[in-house]
Every structure is written in structure tokens, then in C-alpha cells.
Amino acid sequence: MTDSFRRWNRSLLVVFGVFVIVFLIGPSIVIVPMGFTAGQSLSFPPVGFSLNWYGKMLSDPAWTSGFINSFQVAVCTAVVASVLGTMTALGIARGRFPGKTIANALILSPLVVPVIVIGIGMFSFFVRFKLSGTLVGMVIAHTALSVPYVVVSVSTSLRSMDRNLEMAAANLGANPWRTFRRITLPLIMPGVFAGALFAFLESWDEVVVSIFMTTTKFRTLPVVMWEQVRQVVDPTVAAVATVLLATTTTVLTLALVVRRQTPVR
Amino acid sequence: MSAHLPSGRAVRTDRTALALRGLRKMFGDVAAVAGVDLDVQEGEFITLLGPSGSGKTTTLRMIAGFTEQSAGSIEIDGVDVSTVPPHKRDVGMVFQNYALFPHMTSAENIEFPLQMRKVPKAEAKQKVADALKLVKLDSYGPRYPRQMSGGQQQRIALARAVVFQPRLLLMDEPLGALDKKLREALQLEIMHISRQLGATVIYVTHDQEEALVMSDRIAIFHDGKIEQLGSGEDLYERPISLFVADFIGESNILHGKFAGGSVVAELGTWRVGDAAAARASLGADSPAALVVRPERLRLIPRTGDVPAGVNTVDATVTDVLYLGSTRKYELRLANGQGVGVRQQLGGPETTWNPADEVRLAWDVDAGVLVAGRGA
Amino acid sequence: MSAPVAVKEGAGRVMRGPLISRWGALAVPLLLFLTFAFLVPMFLIVVRSVTDPVNIGMGNYVTFFTTEANMRVLGNTFYIATVCTVACLAIGYPYAYLMSIVPQRVAGIMLVFVLVPFWSSLLVRTFAWEVILRDTGLINTLLLNLKVISEPLPLIRNTFSVILGMSQILLPFMVLPLYSVMQKIDPELTRAAANLGAPPFSAFRRVFVPLSFPGITAGCLLVFVLALGFYITPTILGSARETMISRFIADQVQVRVNWGLASAMAVVLMVLTFVVLAVASRFVKLRDVYGALGEG
């Protein structure tokens, strides 16, 4: 491409790029100050500054229990999904078993099937085992939804790993188990950890399946927010939204930093 | 033997360190290795040399136990290890891309095989220090592989492969990823270290110069088999086939038929030395090829006497290349075939120019007879 | 030199024997788990669609396909999904292209701006659009204060707001596959085209765009399929007229408690999704499409 073309083309693109960035994150950022308003309604610019709405959020048991429930579900999901997902990624990468293609399709299908279908399907199945509205039921549901991210993340780590390293370890006298413990596992650990964080995020923000899988006795934060948004909208919702966003951003930053740590040969 | 690392054995013993018997490897219907027999003496440095796809790396991997052979056996120190898993074979290996564990320091990498063998901590530490010293990287113990250059990484890989005194040291194109200068320096270093340790080395490369420099013996691989096994001089001076003659060094090949102690072709009849004729043992009228190295050819005027014991063929100079210590002539024979001649400079040689019509001459004993195409 | 046999050296498998089954067995727990937690529930929906109420057979499907209002929902769903896909491509392509030509460090920052929304709560992002677009929202308040308008503009509860919100939420799903493809296009190629005399735009159009085609297909596919199943955003930002199929299913379950019809529609939505994916899988590897998301 000639330089002159590049120059005007680039400056145009850069302006466009900035617009896209504003479009992508601007709306979410707008919410943050609204939760700190001293006024009575969700308005922009916010009137004054106060922590009233955060106080209201913390004193409302619907929000606080929602927060605790969400956190419990997300942590358990992250643990279960990363263990199952890592085992599976290893099995697919290293092992041979019949129907590998079908297995791959099954693992990725929770990302493909519309969540509403998963939601009503899981509800009508789990309700028979009295699992709807329980921590266990939610963890099962969210694990199914988030495990593909773990499998993909760990598989990527496994693919980028030099297979010669495992051969070298065997050559140097390490049996298969020690080769795994000392070489393979440490090298894919960033992928496992990032996968666990992605699983946490998927569970933390999940609404649709949760709407069907929770009951008034056990609600997650996004479900409580969903009900609030459809009824009265006061600045508490903005405060809750800010908390959700802050958690997401923190965990995501952590995940991206971890992913960078992957030892590169 | 020193306290920590094996010291050099003064002379090679006659004990067989490695024996391959009828080794084969099939990938589907294709034989990657099609029957290899090889005996390696203790302390010997053997190079498996061949073009890519000739089966040399597959052979090495079978020795290490990474690939299971389809047939045949592998004996190390007289024991069949065919069914022994790689981690129990006790052979050291240096990989082309080093294969250093990126999450461990140099010292930890070198200590790894000692840990696997449950060597006491203090002893292991001393051995690591000795191994680092051996490869002249004494102070590099705490460094991670990514903090070192390619040459340094390969030296650490070498230290790791010898620190546990393996029965065999395998090297899979260890210098392939390095630039020429570093490669040459490391060739010498690997030679010295392996001699110092008295190690039995199986070295894989496709670089013939490297093979000539380093090896006691070279096995030329071709189509999954060993085409010829011998010292570098054997292979260069007395190739047994067209493939070896062509693969090792530059060569001029004159095709014809073998008849009455000579190679007969349209361009002339060339006598073959008795020793060369005996080695090739070709039947009368079978296709034959006469191999003459560029430095064995001389350029003489077309007019004038041909001395006794010399073969000749007429040629035309096409290019003259000045290469410093030598001058290289590219010539064309009457049938269009190209021929190269290397002239050592510094003597009273005549200089020829492009388009000069000359005669190529060589001593009868300088020509090597091999079976020709279609034989 | 004679031609060497075309054998790839060192292609041997590593660590064979009993280990193979042992490695493979690691995948079994998850496959069993997904069978019970995911496959069986999906299968149950299919069963329910023909057995609820008892002996209905294909009745639920007949009801769905013969009711004009229901078909309008289906049409609406396709229309909104299509417009969102086009909008995402129009916005996402230049952005991804910019990412592919700027220095690595800048591209990394641009990627973060895509990943943060990708992983942020869809509900929160939808809520943000409501706060911005509603009658007492950010835009209308601003314009009223500036006296540009005297009445609030109808920015919300219409097709426009649904498409705006959905496009913004789906944009990362377009950018990520596009970028992962564009990243691998050798910049020397467009330079080579220019060197061969192609005018700048022509070099871009004839060399770069065709090479980025796998990314375009993957991105469009992903956005379209996800848009088909959208529930939260069209429900909050749209009115009853913008009802998409997911909301319709939810309403059948929650409001009318008509599980049979809801299940039948869920099956229709599932089948639609799979048809789109099946057609598209002829052009792109689905694993690559989804792989692009987790690898960021």
C-alpha cells in the first residue's frame, strides 16, 4: 500500500477505532457514577455524591444474599469446571478414544444451543431431583455452560507446549506420572488458571439459565437485578451493576495477566 | 573415573555398546526404516547421515524408545531393550530445539535426571556444578533457558544429557538451529566433551561437513537403509554407490558401460584402477559410473601428449570462479554434461578463460567405479 | 541424487501402550457429566414438545406454525438477527483491520477493549442502554436541557433500540474471529500486490479481503446464531412488537405455563441454530470459531 493511502486511510481508521471503543465500553462506564448519586433517581449527570445507594444495597437482604449466592456458585463452578475441563483437554490431546469428534461437539454445544432452551431444559429435568433452587443445581448448570472455556483454554496451552519436553523428561528418567507432574502440569497451569477464571466469569454474569434454575429461596445477583430492572429502577441497581462490573474487570485482568505468564519456548 | 563425572577412557574398548539388528519401522504401508543393522563400539562417535526422510531420525527415536519398532531388535550393552520404556533406557538425548524445560533454571534442568534417579541432594549438587563446568557455563546455573542464547541453551542441554552418565548419548541434529559460526565452534566442543567423557555417541545430521568433522564412522542413510558405513575418508575416497558418491562431497560422474577394465561411453573410454574395479565387481557390459572428485581433475591443452596412466575427456570452459584458496572451473562436455574442477592456487598452474577448449585429465587410480543407473 | 522416499521422519507416536486408554479415560467424567446435565435435558425438551399435553403428537408444532402471530415472532427474530449481523460486520471489520495493522502493543490494548465487554455482564450492558435511551435517560435529558427538542425522542422500546443494544453486545463475537484471521495474514502480501502495480484500495480488496474471508464467515455465523437466541436484551429494550423467539418461549413457560408449546418452540429454535451451523460448517471449522473466543 502506498504511504499516502496509508496516511489518510489510517487516520480515518483511528478515528473510527476510537468511536468503536467508546461504543463498546462507554455505556457501561456511564452507569458507574449514577450509583453514587445523592439524588433520588437514576440521572446523568448524577446529583452530588453519596454512598446512600450502596448503603441501601448492603442493607437489602435480597441483594446481599444474591451476592453471597453468586459468589459461592461462581467459585464452585470455577473449581469443578477447571478440574473436569483440564482432565478432558488432556484426554482429547493425549488419548485416543472412539468418537472424538462427537465428544468435541458435545463439549462445545453448550456454547451453541440458545441459553433459553438450556434454561427450560435444565429446569424441567433438575426439578425432578429437587435440584432447582439449590447451590448444587446451580453449580451443575453453570459448569455445563462454562466448561467449554476451560477445555479451549487448556487445549491451547497443550498445543503451544513442545511435545519434545515430555520426551526429554522420559529420556531423562521420568516415568509418565512424574513427567506429567513435573513438566506437563506446570507448563499448562496458566491455561488451567485462566480457564478457571473464565469459568468464574461465565457463572458470575449468567442470567438466563439462572432465571429458570433459581427460586425465591436461592437467587443469584444477576437474577435479582433482572427482576429489579423490569420493575422499579432506582440507583441501587446502578450500584449493583457497578459491583458486577468491578468484579468482572478484576477477574478478567487477572486472567489476562496469567495468560501472559505462559512460559514460551 | 573422577568422583562425579566419568572421565575419558584412554582407548576405545572393543565392547559393543549398541547393536541394531534388522530394525524396521512401518508407517502404514511405508517403511521409514527398512532393515538397519549396526554395531557401535563403546566410546565410538557414530553419525547417521542422510537426506531428510531417509530414516535416520526414526532410527534414533527407536533407540531412545520414543517410537516402537515394527521389527528387529535394539541391544544396549548386550541387553535387548526393545520393550523397555524410554524412561528406563538410560540413554541421554540432545534435541534439535534443545527441549530445555522453560519453567526450570539451567541448574534445575541438569538436576532433573539426577532427581529422577534419587541421587542424594549434595551429590547431585556437585554433579550439576561439574556438568556446568564441563560445558563452560559455570555461572549460568540460576538462569532460565529464555535468558540464554541458542548456543548456551544447547550446551546446557548437553550437560543435562550427560550428567547422569548414560550408556549412550543420542543427538538429533543438535546444531541444526544455530548459525554457521556457532555450529562450527560447538562441533569441536561436543567432540572434546564426548572424548573427555568417553561417551558412546549416536549423532544424527544431514550436514555432511559436520559428519566428516566429528565422526569416527559415518552411516549413510538412504531410503530407510544404511547405504554405506565407514570412516569419512572411506566414504569420500571409496564410495560404494552412486548415491554415496553424489551425497558426500562434490563429484563428477561419467556414465557408461563397464567393459574390459574400462568404462566405455560415447565421449571416450576410461581405464579403471584394478583396486576400484575389484571393489565394484561389476559384470561385463553392466551400466557403470566413474566418479572423479573435482580436485582430482587437471586442465591440460588439447594439443600435446597424454601421459601414461591418465584418462582424459575434452571439455569447454564455461565459468571461472575465484574462491580464495582455490579456483573453480565450470566446464561442459561434448554431450552437454557439466563438470567441475577445483584448482589449488599458489602453484604454477595455467589460468584458463571461459570458452577455452581444454582437456580434462585424471590419474587412473583417482577414478572410483560404481554401479551406474539401472544396474 | 535419487529422490528420497516421502516419509515424514519422526512421525511416530509417543508413549504408546496402556497409557493411551489411561489418557483417553480422563475425558470420560466430563462426557458423562454433560450427557446428564446437558444432553438429557435437551432431549427432555424434544420429548415434552410431543407429549405435553398428553397425546398431542405434533399438535404443538402445528399450533406454532399455523398461528400468524407466532410466525411474526419467527420473522422478527430472523430480521433482527440479520440486521445485527450486518451492523456488527460493518463496525467490526474496520476495527479488526485497524488492530491488524497497528503495532502489537496497541493491538493488545484494542483487544482488551473488546475482551472487557465480551466478559462483562450482558444484563449490565443492556441496563446501561436502557439508562441512556429511555425518556428520562441520558440522551433525552441532554437534548431537552440543550433545548434541541421539547419532547423526549422515542429512543427505546422499538426495533432500533433492540438492534443497537444487541449489536453492541455481539460486536466482540465479530471482532475476535476476524482479528484472529487477519493477524495471520502476511502484511508482505498486500505490499507485494502494491509492488506488482495494484492501486492501494485494489490491493486491499483483491488480496486482504479474500484472505480475511474465513474470519468474516466465522464472525457472521457466530453473531447470527447468538442473535437468534437473544432473550435479555430484546426483552428490556424492546416492546411486545419486538418479541423474539426466546422471549416467546419464556413467556409460554412463565406466564402461560404452556410447557408443550414452549418446548416445541425451543426445538424449532434449536433446529434453526443447528441448520445454520451445519450449513456454515461447510465453510469454517466450528472449533476455530469458538476457539477464537476462549483464546483471547
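Helices and strands are DSSP runs, helices of at least four residues and strands of at least two, numbered from the N terminus. On that basis chain A of this predicted model reads α-α-α-α-α-α-α-α-α-α-α along the sequence. Its secondary structure amounts to 11 helices and 0 strands. The C-alpha trace of chain A spans about 70 × 70 × 30 Å along its principal axes. Chain A has 265 residues, and 55% of them count as buried. Contacts across long stretches of sequence are frequent in chain A: of those between residues at least 6 apart, 75% join residues at least 24 apart.

Chain A touches chain C through 76 residues, and chain C likewise gives 76 residues to the contact. On the chain A side, helix H1 (residues 3-34) gives the most, with 15 residues. By class, this side of chain A holds 57 nonpolar, 15 polar and 4 charged residues.

Chain A also meets chain B. Here 17 residues of chain A are in contact with 18 residues of chain B. Two elements of chain B give two or more residues to this side, namely strand E6 (91-94) and helix H2 (106-116). H2(B) gives the most, with 3 residues. The class count for this side of chain B is 13 nonpolar, 3 polar and 2 charged residues.

Confidence in chain B was examined next. The mean pLDDT of chain B is 89, and 96% of its residues reach 70 or more. Among its elements, E3(B) has the highest confidence, at 95, and helix H9 (residues 274-280) of chain B the lowest, at a mean of 81. Residues 1-11 of chain B have pLDDT below 50. Beyond near neighbours in sequence, that stretch has 20 contacts in the model.

Chain B contains an open sheet of 6 strands, in the order E6-E7-E8-E3-E9-E10. Pairing in this sheet is mixed. E6 and strand E10 (225-230) of chain B are the edge strands, and each pairs on one side only. On average, neighbouring strands are turned by 20 degrees against each other, direction ignored.

Within this sheet, strand E3 (residues 45-49) and strand E8 (residues 201-205) of chain B pair in the parallel sense. The pairing runs over 5 bridges. Leu49(B) stands opposite Thr205(B) in E8(B). At the E6 edge, E6(B) and E7(B) run parallel and are joined by 4 bridges. Val91(B) of this pairing has Leu168(B) in E7(B) as its bridge partner.

Side chains in a regular strand alternate between the two faces of the sheet. In E6(B), Val91(B) and Met93(B) lie on one side, and Gly92(B) and Val94(B) on the other. These four residues are all buried, and both faces of E6(B) are covered. Helix H4 (residues 150-162) of chain B lies across E6 and strand E7 (168-172) of chain B. H4(B) runs at about 175 degrees to E6(B). E6(B) is thus an edge strand of the sheet, a strand with both faces covered, and one of the elements on the side of chain B that touches chain A.

The loop between helix H3 (121-134) and H4 of chain B holds Ser139(B). Ser139(B) counts as exposed because it has 8 C-beta neighbours inside 10 Å, and the cut-off for exposure is 12 or fewer. Ser139(B) lies 33 residues from Ser106(B) in sequence. In space the two are 10.0 Å apart, C-alpha to C-alpha.

A further open sheet in chain B has 5 strands, in the order E15-E19-E16-E17-E18. Its pairing is antiparallel. Strand E15 (298-301) and strand E18 (338-344) of chain B are the edge strands, each pairing on one side only. Neighbouring strands of this sheet are turned by 50 degrees against each other on average, direction ignored. Strand E16 (residues 310-322) and strand E17 (residues 326-333) of chain B pair in the antiparallel sense over 7 bridges. In this pairing, Tyr322(B) has Arg327(B) in E17(B) as its bridge partner.

Conventions
Residues numbered from 1 in each chain as written. Chains lettered and ligands numbered in written order. Predicted model: local features only at pLDDT ≥ 70, side-chain atom pairs only at ≥ 80, totals over all residues. Contact = placed C-beta atoms within 7 Å. Nonpolar A, V, L, I, M, F, W, Y, C, P; charged D, E, K, R; others polar. Pairing = 2+ DSSP bridges. Axes fitted to C-alpha atoms, helices over the stretch in contact; angles between N-to-C directions. pLDDT = per-residue confidence, 0-100. Buried ≥ 20, exposed ≤ 12 C-beta atoms within 10 Å, placed from the backbone.
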